[in-house]
Amino acid sequence: MKRTDYDAVVIGGGFYGCTIALFLREHFGSVLLLEREKDLLTRASLVNQARVHNGYHYPRSFVTALRSFVNFPQFVKDYGDCLDSSFEQYYAIAAAQSKTNALQFLRVFSNLGIPVRPARAAVKRLFSRGLVEDVFLTTEYAFDAVGLRRRLSFEMERARIEVRLGCGAEKVVPRPSGQLELDLDNGAAVCARRVYNCTYSGINRLLRSSGLPLLPMKHELAEIALVQPPPEIEGLGITVMDGPFFSTMPFPARSMYSFSHVRYTPHTSWRDDDSQPAAAPAPDAVRTNFPFMLRDAARYVPCLKDTLYAGSLFDTKTVLLKNESNDGRPILFREHHGLENLYVIMGGKIDNIYDILHILEGRQARATGAVQ
Ligand SMILES: Cc1cc2nc3c(=O)[nH]c(=O)nc-3n(C[C@H](O)[C@H](O)[C@H](O)COP(=O)(O)OP(=O)(O)OC[C@H]3O[C@@H](n4cnc5c(N)ncnc54)[C@H](O)[C@@H]3O)c2cc1C
């Protein structure tokens, strides 16, 4: 007979749910993690650019840049064995249509103490001179989502966290006892003193089916193309900033490169707060935008025309509506959201996990009286 009563249940087995489950297990006797898919970290935690941000992506959002810079060394320390740090990451500033110019880029990061160096002459020559104002060498790595999955699975097993794969939560219901009941998609139910909704693009779906207030989020069906780069690009990562441009960089989970484009990676978008929300289109029904990505990128870096396409990953990218204006990607942390002891948590980037853990530690210290 499976257990039905837990101190804490985490819904969602992405990077956030797994890490939060490990944190909770340090404080509670019984923790259950529910994941709808057949394995952990198969959704947004896998289908992304795999960039361990160090601030450079956010020249117009001081707070996000600084938080990334602060979290970067911690992530590298904790997950060094799940990273590719062997390549050189270059940020190029487009000469036209960029919201930041090269001087601003240099100034912002120099002022923040985030390392930016001039690119080698051989690397600069890869870029079309008229279209790119300048190119900078930065310090940024790529994470391996498969390595993270292996690490987190091992750590959860060692911590004796129960993990149920292929098991979705359909609804959260309050019980007269003060506990929360979770109705599962296999017809069963479990109870917990506290429930953590860490389902990223699925957050509002669960809130809606539970009759709880929705959160202001926007979703995009995003395409990450997987490619074999031309020999000139091997060992390099390239990001052209700051507007409708592109990136290509190592994607360790598949031993390939990812290719994405600000204009062509999002296929369609929708909002949960619409009275009649649009359903996410099935990725199988979507045709790749890679030819458009490549055609535009090769204008900036001509040798990219020899990039070989291997396929695409599709998933939903979710952002908080209030941050669209400054391209910030902060965290969502809602406590007692519509129900006592229901937590809703989302991080816009992998490294934001430390901002969340910081809040959870503070709550825990207060609850146990360690902090007044
Ligand atoms: C296209 C794209 C590019 C990105 N690029 C980067 C990048 O380069 N660097 C970076 O740091 N971040 C990037 N991000 C953001 C990053 O991927 C996310 O911040 C992070 O993966 C969120 O982790 P998560 O665990 O919250 O979400 P997920 O990994 O999506 O985990 C949520 C889990 O919940 C499960 N689930 C959903 N509903 C239920 C339910 N009802 N019951 C049970 N389980 C459920 C899902 O199956 C899923 O496994 C990118 C995101 C996208 C989409």
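Guide: A polar contact is a pair of N or O atoms within 3.5 Å; within protein, one must be able to donate a hydrogen and the other to accept it, and residues adjacent in sequence count only if both atoms are side-chain atoms. This is a predicted model, in which local features need pLDDT of at least 70 and side-chain atom pairs pLDDT 80 or more, while totals for chains, interfaces and linings use all residues. Residues are numbered from 1 along each chain as its sequence is written, and side-chain values use heavy atoms, without hydrogens and water.

Visitor: What makes R36 a polar contact of the ligand?

Guide: A polar side-chain atom of R36 lies 3.0 Å from a ligand nitrogen atom, and the cut-off is 3.5 Å. I350 also qualifies, with a backbone N or O atom 2.7 Å from a ligand oxygen atom.

Visitor: Why is the ligand said to lie between domain 1 and domain 2?

Guide: Domain 1 (5-43 + 146-215 + 337-367) and domain 2 (68-143 + 217-323) both give residues to the shell around the ligand, so the ligand lies between them. The bounds come from an automatic or database domain assignment.

Visitor: Why is L131 called partly exposed?

Guide: Its relative accessibility is 29%; buried means under 20%, exposed over 50%, and partly exposed in between (1.4 Å probe, protein chains only). L131 is therefore partly exposed.

Visitor: Which residues does L131 touch, not counting those up to four places away in sequence?

Guide: L131 touches A94, A95, R299 and Y300, where contact means heavy atoms within 4.5 Å.
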